[in-house]
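Hi,

Here is the structure I promised to pass on to you. Have a look at it first, then read my notes below.

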Amino acid sequence: MSEAATDPTTEAFLAHRNLLFTVAYEVLGSAADAEDVLQETWLQWVKADRGQVRDQRALLVRITTRQALNRLRTLKRRKEAYVGPWLPEPLLTAPDVAEDVELAESVSMALMLVLETLSPTERAVFVLREVFDIGYDEIAAAVDKSPTAVRQIAHRARRHVDARRPRQTVSSTEGRAVLESFRCAVETGNPQALLDVLAPEVVLMSDGGGIKHAALRPVTGAERVARMFAGGMGKLEGTITTEPIVVNGSPALLVRLDGEIDGVMAISVEDARITGLYYVRNPEKLSRVTSATPLTLH
């Protein structure tokens with residue numbers, strides 16, 4: 001066993017790494033930025049006087065949250081200059097994450113987009129309290145607010161999210177079945193089959209980041225979305241293939257054009273129909289989908 005593996009400082013950090021990464025990712029919506037936050041957290045962690053640390057996990061979460069909040073303000077400026085809709089960076093997750101409905105919802109594309117409407121502090125408080133059940137005193141230390149203020153922020157953020165989050169969550173089995181129906185409809189070019197699997201109010205968001213072609217505004221309505229798929233697929237020169245994967249705790253499709261990754265298609269489902277389609281084509285957001293080890297969020 002290497003010296004690094006037996007070093008208590010390293011062991012403590014690694015023991016909480018998945019938690020810290022998930023906190024940073026849910027605050028930022030970017031796996032690349034979350035990794036940078038972890039690097040910054042590590043640098044501060046090794047400098048800490050651990051002889052004075054009563055709760056290593058609490059200190060690591062506090063450092064990570066502060067670093068994530070600092071980066072979120074920078075990221076907000078980047079998003080304001082972004083070309084077209086901004087979608088969270090798809091995160092490859094282990095299949096067992098999808099079996100935990102509450103955990104899967106917390107990193108779903110749909111909920112991550114709702115979190116985008118919160119202020120930075122509201123987002124951090126919501127993630128720490130609602131997703132990880134961290135105590136108000138601990139959150140207060142992480143966001144430099146009083147526990148009373150944090151309770152008020154948590155209540156306000158929860159009310160805001162509850163008003164906008166999906167009305168129901170579905171099992172991974174139902175999600176896979178709906179996704180397979182959508183996949184078959186797209187591959188066969190059957191417009192009626194597409195309409196059957198799309199909810200009337202379905203919204204399609206595509207993120208090319210100005211690098212790849214994507215709709216500059218969300219496309220709403222089953223007929224418009226179906227026409228886009230029917231027309232768009234016919235215009236592509238090459239062979240399209242799709243591969244089921246698990247992204248952000250939910251079934252998704254890895255789309256390839258002539259064997260090269262074209263994007264990731266994630267969905268949200270209600271009443272056995274697709275209400276949201278999220279197509280990330282920006283190549284800068286796709287590196288973790290194939291190169292990373294699927295993340296287990298516990």
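**What I found**

Let's begin with N248, which you'll find in the loop that runs between β3 and β4. Keep in mind that this is a predicted model. Is N248 buried or exposed? Its relative accessible area is 1%, so N248 is buried. The side chain of N248 has two partners to look at. One is the side chain of Y25, with a polar contact of 2.8 Å. The other is V107: its backbone oxygen lies 2.7 Å from a polar atom of the N248 side chain. Check the backbone of N248 too: phi is near 50 degrees, which is a positive value in a residue other than glycine.

D271 makes a nice companion to that. This residue has a positive phi as well, about 55 degrees, although it is not a glycine. You'll find D271 in the loop between β5 and β6. Here the relative accessibility is 57%, so D271 counts as exposed, whereas N248 is buried.

Now for the sheet that those loops belong with. In what order do its strands lie? The order is β2-β1-β6-β5-β4-β3, in an open sheet of 6 strands with mixed pairing. At the edges are β2 (219–220) and β3 (240–247), each of which pairs on one side only. As a reminder from class, strands of a sheet pair through backbone hydrogen bonds, and they can do so either parallel or antiparallel. For a parallel example, take β1 (residues 198–207) and β6 (residues 273–280), which pair over 6 bridges. If you want a spot to zoom in on, S206 stands opposite Y279 in β6.

A helix packs on this sheet: α12, residues 172–188. Helix α12 touches β1, β3, β4 (250–257), β5 (260–270) and β6, and its direction makes about 25 degrees with that of β4.

Next, the rings. How many aromatic pairs does the structure hold? There are 3, and I'll go through two of them here.

- F21 and Y25 are stacked, with 6.3 Å from centre to centre and 5 degrees between the planes. Both sit in helix α3 (residues 17–28), 4 residues apart, which is about one turn of the helix. Both F21 and Y25 are buried. Y25 is also the residue whose side chain makes the polar contact with N248.
- F182 and F229 meet edge-to-face, at 5.3 Å centre to centre and with 85 degrees between the planes. F182 belongs to helix α12 and F229 to helix α14 (residues 222–235), so this pair ties together parts that are 47 residues apart in sequence. Why does F182 count as buried? Buried means under 20% relative accessible area, and F182 has a relative accessibility of 2%, so it qualifies. F229, at 8%, counts as buried too.

Finally, there are two places where a charge meets a ring. K79 lies over the face of W86, at 4.0 Å from the ring centre. In the other, the charged end of R129 sits over the ring of Y136, 4.2 Å from the ring's centre.

If you'd like a place to start in the viewer, try N248 and follow its side chain to Y25, then go on from Y25 to F21, its stacked partner.

Cheers

Note on methods
Residues numbered from 1 in each chain as written. Predicted model: local features only at pLDDT ≥ 70, side-chain atom pairs only at ≥ 80, totals over all residues. Heavy atoms only, no water. Pairing = 2+ DSSP bridges. Helix = DSSP H or I, 4+ residues; strand = E, 2+ residues; numbered from the N terminus. Contact = heavy atoms within 4.5 Å. Axes fitted to C-alpha atoms, helices over the stretch in contact; angles between N-to-C directions. Phe/Tyr/Trp six-rings, centres within 6.5 Å; stacked < 30°, edge-to-face > 60°. Buried < 20%, exposed > 50% of the residue type's maximum accessible area, 1.4 Å probe, protein only. Lys NZ or Arg CZ within 6 Å of the ring centre and 35° of its normal. Polar contact = N/O pair within 3.5 Å; in protein donor to acceptor, adjacent residues only side chain to side chain.
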